[in-house]
Amino acid sequence: MYIYETAVMKQQYVRLTKAFDLKKLKINYACKALNNIAVLKYFKSLGSGLDTVSIQEVKIGLLAGFNPDEIIYTPNCVSIEEISQAVELGVKINIDNLSILEQFGHLYPDYPVCIRINPHIMAGGNSKISVGHIDSKFGISFHQTPHIHRIVKAHNMIVEGIHMHTGSDILDIEVFLQGAEILFQVAKEFTALQYIDFGSGFKVPYKEEDIETDIEELGEKITKRFKEFCKSYGHDLTLMFEPGKFLVSQSGIFLVKVNVVKQTTSTVFAGVDSGLNHLIRPMLYDSYHKIVNISKTEGRSRIYTVVGYICETDTFGVNRKMTEINEGDILAFYNAGAYCHSMASNYNSRYRPAEVLIHEGQDYLIRRRETLDDLIQTHVNVDIFDKVEVTV
Ligand SMILES: *Cc1c(COP(=O)(O)O)cnc(C)c1O
């Protein structure tokens, strides 16, 4: 089961908005991090907009009550047909390649667009989550701005926003500011801008010794530069961010039960009733999630390697020190709000977990556990095979 606390989401949202001393600031929650409609509604109640990466996320956002103009759609490598659907729904469109920009200009010259620029900066050290570097598939290289202008001019397009999103780990504020400078350079050549979107990449601590993005320092520096830019640009633009992880990671914990404690010649395994089907970040990104035995908070500690029940090597944590585990104990995984349930699957024909939201002291079930019917409802149970005698 996943459990999320709105109080933590709010604390992060408020912290972020307070870090920027600007009248026109818009935070668009990146809902791929945690896509439950109740969570979307909560961010709507805080005044947040929504960052979406698929037409399905756009539709869930609209169901959650967001106005189309509070939703920005930032897809990558989707078809022009999907983008047309987003146009019909009236949301903000962010385009990240020249081919689509050209097709879009041909079809919808009057529909304002945002352009995703790749500033070629390297945020963080992990190439799996860093998306702004030179070999990244995301964004239009800032070296290609002359091409952008040719297309925009040819179709008389309205560019209302300039965007970058560099990846998931801003460790060095100076690197982020370099990206911002590149974006300002590009932005000053467009005369009809309404906003500049700096994406996300705010890092939160997963381990005690982890560095986190210093939001207050970033806020102070960006605010100063943004005000200067607006002054030279001639009018006040909206500054946008689209954080996912920063807003929800720490709000969530994931609870699992220990099925077996298995001693091998070298290791003590705690095998739990979960696996990469429920939480894939440790296996996909080598991410660290703190794990605590909440059934036993005091007493002797031992070293365990926590593994899942999926027929794959699904190791959650190696050689973790925690209070002695008995079979049946409940373990809690920290930082389970972002990219955990939203990346869950039905691999091994297992059910995805329930989700619970704690809001003002009350707990609410916001996603029920799945059933066998959920698993097979999309299968078409054909009856077309005659028995075949296989003779050897
Ligand atoms: C995933 C994504 C985000 C959110 O990134 P976080 O690291 O979770 O803050 C923001 N913008 C875009 C375009 C994304 O794809």
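Is Glu355 buried or exposed, and what is its relative accessibility? In this predicted model, Glu355 has 0% relative accessibility and therefore counts as buried. Glu355 forms a salt bridge with Arg367, with the closest N and O atoms 2.7 Å apart. The two residues lie 12 apart, Glu355 in strand β17 (residues 355-359) and Arg367 in strand β18 (residues 362-367), and the pair links distant parts of the chain. Arg367 counts as partly exposed, at 28% relative accessibility.

**Salt bridges**

The count of salt bridges comes to 15. The table lists some of them.

| Pair | Closest N to O |
|---|---|
| Arg225 and Glu181 | 2.6 Å |
| Arg367 and Glu355 | 2.7 Å |
| Glu217 and Lys221 | 2.9 Å |
| Glu208 and Lys290 | 3.6 Å |

Arg225 belongs to helix α8 (residues 215-233) and Glu181 to helix α7 (residues 173-187), so their salt bridge ties together parts that are 44 residues apart in sequence. Arg225 is partly exposed at 25% relative accessibility, and Glu181 is partly exposed with a relative accessible area of 30%. A network of salt bridges links Glu181, Lys224, Arg225 and Glu228.

Glu217 and Lys221 are 4 residues apart in helix α8, which means that about one helical turn separates them. An α-helix has 3.6 residues a turn, so residues three or four places apart point the same way. Glu217 counts as partly exposed at 32% relative accessibility, and Lys221 counts as partly exposed at 31%.

**Domain interface**

The domain assignment gives domain 1 (2-243) and domain 2 (250-365). The C-alpha centres of domain 1 and domain 2 are 32 Å apart. Domain 1 puts 24 residues into the contact and domain 2 puts in 30 residues. About 2500 Å² is buried between domain 1 and domain 2, with carbon and sulfur atoms giving 54% of this area. Tyr2, Ile3 and Tyr206 supply 38% of what domain 1 buries against domain 2, more than any other three residues.

Across this interface there is 1 salt bridge, and 16 residue pairs are in polar contact between domain 1 and domain 2. On the side of domain 1 that touches domain 2, β1 (2-5), α1 (6-19) and α2 (37-46) each supply at least two residues. The residues of that side divide into 14 nonpolar, 5 polar and 5 charged.

**Helix α2 and Glu70**

The buried residues of α2 are Ala38, Val39, Leu40, Tyr42 and Phe43. At the start of α2, a side-chain oxygen of Asn36 comes within 2.9 Å of the backbone nitrogen of Ala38. Gly47, just after α2, has a positive phi of about 100°.

Glu70 sits in the loop between α3 (55-63) and β4 (71-73). At 16% relative accessibility Glu70 counts as buried, because the cut-off for buried is under 20%. The side chain of Glu70 is in polar contact with the side chain of Lys44 (3.4 Å). A polar atom of the Glu70 side chain also lies 2.7 Å from the backbone nitrogen of Asn67. Leaving out residues up to four places away in sequence, Glu70 touches Lys26, Asn28, Lys44, Gly49 and Leu50.

**Ile117**

Ile117 is part of strand β6 (residues 113-118) and counts as buried, with 2% relative accessibility. Beyond its neighbours within four places in sequence, Ile117 has contacts that include Gly139, Ile140, Phe142, Ile148 and Val186. Ile117 and Met9 are 108 residues apart along the chain, and 29 Å separates their C-alpha atoms.

Methods: Residues are numbered from 1 along each chain as its sequence is written. This is a predicted model: local features need pLDDT of at least 70, side-chain atom pairs count only at pLDDT 80 or more; totals for chains, interfaces and linings use all residues. Side-chain values use heavy atoms; hydrogens and water are left out. Domain bounds come from an automatic or database domain assignment. Contact means heavy atoms within 4.5 Å. Buried area is the accessible area (1.4 Å probe) that two parts lose on being put together, summed over both. A salt bridge is a side-chain nitrogen of Lys or Arg within 4 Å of a carboxyl oxygen of Asp or Glu. A polar contact is a pair of N or O atoms within 3.5 Å; within protein, one must be able to donate a hydrogen and the other to accept it, and residues adjacent in sequence count only if both atoms are side-chain atoms. Ala, Val, Leu, Ile, Met, Phe, Trp, Tyr, Cys and Pro count as nonpolar, Asp, Glu, Lys and Arg as charged, and the others, Gly among them, as polar. Buried means under 20% relative accessible area, exposed over 50%, partly exposed in between (1.4 Å probe, protein chains only).
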